[in-house]
Amino acid sequence: MWGAWWVWDARMTSVLVLFFLYLGHIALVRAFDDQQRGYRAGAILALVGVVNLPIIKFSVEWWNTLHQAASITMSGAPSMAPALLWPLLVSAIGFNLGFAALVVARLRAAVMERRIRGLLLARAQAELQNA
Amino acid sequence: MNHLPYIVAAYALTFVVTASFAIQAWLRTAQATRRLAELDPRVSVRPGVAK
């Protein structure tokens, strides 16, 4: 697998399916005029898509394709050299912290936008009642 | 075989996508902050400042 930009390996193919599920989820959530219906449809697709996660995890054990088996396991010592293992762990922690920060920032913006919609609606209702 | 173009492209794509998400979130927050301040001046909406 290494040295080729793409092969139809079990791990890579199952991750590609996950990527398409993400794209489908984004498209589905935005496909409805009614936001709540979009969120519900997206949630159902997410529940169906969760099936893909164990397939990704165990793909390297179930199918003997080009990807090597897991290098880090709960039961045994890692089969990776420490020179690769530590940068991998630090990168994984950094990536997850960055992801969490992005989610919090987007949530903050979404909460404020919701508050704006609420204020605008309240203002419009008050104007209607006064008219 | 030279992998450098692939490695550079992968790092560049990751950086561009992550930076665009961060900038988008920052712009949305800044716009919402301004709009909230216009709609309700009583509400403290300065980014990073608790009410």
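**Notebook: chains A and B**

I began with A:Val60, which lies in helix 3 of chain A. I kept in mind that this is a predicted model.

**Entry: A:Val60.** Is A:Val60 buried or exposed? I read a relative accessibility of 10%, so A:Val60 counts as buried; the cut-off for buried is under 20%. Next I looked up what A:Val60 touches. Leaving out residues up to four places away in sequence, I found A:Arg11, A:His67, A:Gln68, A:Ala69 and A:Ala70. I then checked A:Arg11 against A:Val60. The two stand 49 residues apart along the chain, yet their C-alpha atoms are separated by 6.3 Å.

**Entry: A:Asn52.** I stayed in helix 3 of chain A, which covers residues 52-62 and holds A:Asn52. Its relative accessible area is 8%, so I noted A:Asn52 as buried. Which residues does A:Asn52 touch, not counting those up to four places away in sequence? I listed A:Ser14, A:Val17, A:Leu18 and A:Leu21.

**Entry: helix 1 of chain A.** I turned to helix 1 of chain A, residues 10-30. Helix 1 of chain A has 21 residues. From first C-alpha to last I read 31 Å, close to the 30 Å expected at 1.5 Å a residue. What caps the N-terminal end of this helix? I found A:Asp9 there, with a side-chain oxygen 3.0 Å from the backbone nitrogen of A:Arg11. I had already met A:Arg11 among the contacts of A:Val60.

I then listed the buried residues of helix 1 of chain A: A:Ala10, A:Met12, A:Ser14, A:Leu18 and A:Val29. What covers them includes helix 2 (35-49) and helix 3 of chain A. I recognised A:Ser14 and A:Leu18 from the contact list of A:Asn52.

**Entry: aromatic rings.** How many aromatic pairs does the structure hold over all chains? I noted 4. I looked at A:Phe19 and A:Phe20, which form a tilted pair, 6.0 Å centre to centre with 45° between the planes. A:Phe19 has 45% relative accessibility, so I put A:Phe19 down as partly exposed.

Why is the pair of A:Trp62 and A:Trp63 edge-to-face? I read their planes at 85° and their centres 5.9 Å apart; planes over 60 degrees apart count as edge-to-face. With a relative accessible area of 42%, A:Trp63 is partly exposed. I also noted one aromatic cluster formed by A:Phe58, A:Trp62 and A:Trp63. At A:Phe58 I found a charged neighbour over the ring. A:Lys57 lies over the face of A:Phe58, 5.4 Å from the ring centre.

**Entry: A:Leu88.** I moved to helix 4 of chain A, where A:Leu88 lies. At 40% relative accessibility, A:Leu88 counts as partly exposed. A:Leu88 touches A:Ile72 and A:Met80, again not counting residues up to four places away in sequence.

**Entry: helix 1 of chain B.** I crossed to chain B and checked helix 1, residues 4-39. How far should its 36 residues span at 1.5 Å a residue? I noted 52 Å expected, and the end C-alpha atoms are 52 Å apart, which agrees. The buried residues of this helix are B:Ala25, B:Thr29, B:Ala32, B:Thr33, B:Leu36 and B:Leu39. What covers them includes helix 4 (82-130) of chain A.

**Entry: where the chains meet.** I finished with the contact between the two chains. Chain B gives 21 residues to the contact and chain A gives 15 residues. Between them the chains bury about 1600 Å², with 63% of it on carbon and sulfur atoms. Which residues of chain B lose the most area to chain A? I wrote down B:Arg28, B:Leu36 and B:Leu39, together 38% of what that side buries. B:Leu36 and B:Leu39 were already on my list of buried residues in helix 1 of chain B.

Key
Residues numbered from 1 in each chain as written. Chains lettered and ligands numbered in written order. Predicted model: local features only at pLDDT ≥ 70, side-chain atom pairs only at ≥ 80, totals over all residues. Heavy atoms only, no water. Helix = DSSP H or I, 4+ residues; strand = E, 2+ residues; numbered from the N terminus. Buried < 20%, exposed > 50% of the residue type's maximum accessible area, 1.4 Å probe, protein only. Contact = heavy atoms within 4.5 Å. Phe/Tyr/Trp six-rings, centres within 6.5 Å; stacked < 30°, edge-to-face > 60°. Lys NZ or Arg CZ within 6 Å of the ring centre and 35° of its normal. Expected span 1.5 Å × (residues − 1). Polar contact = N/O pair within 3.5 Å; in protein donor to acceptor, adjacent residues only side chain to side chain. Buried area = accessible area lost by both parts, 1.4 Å probe.
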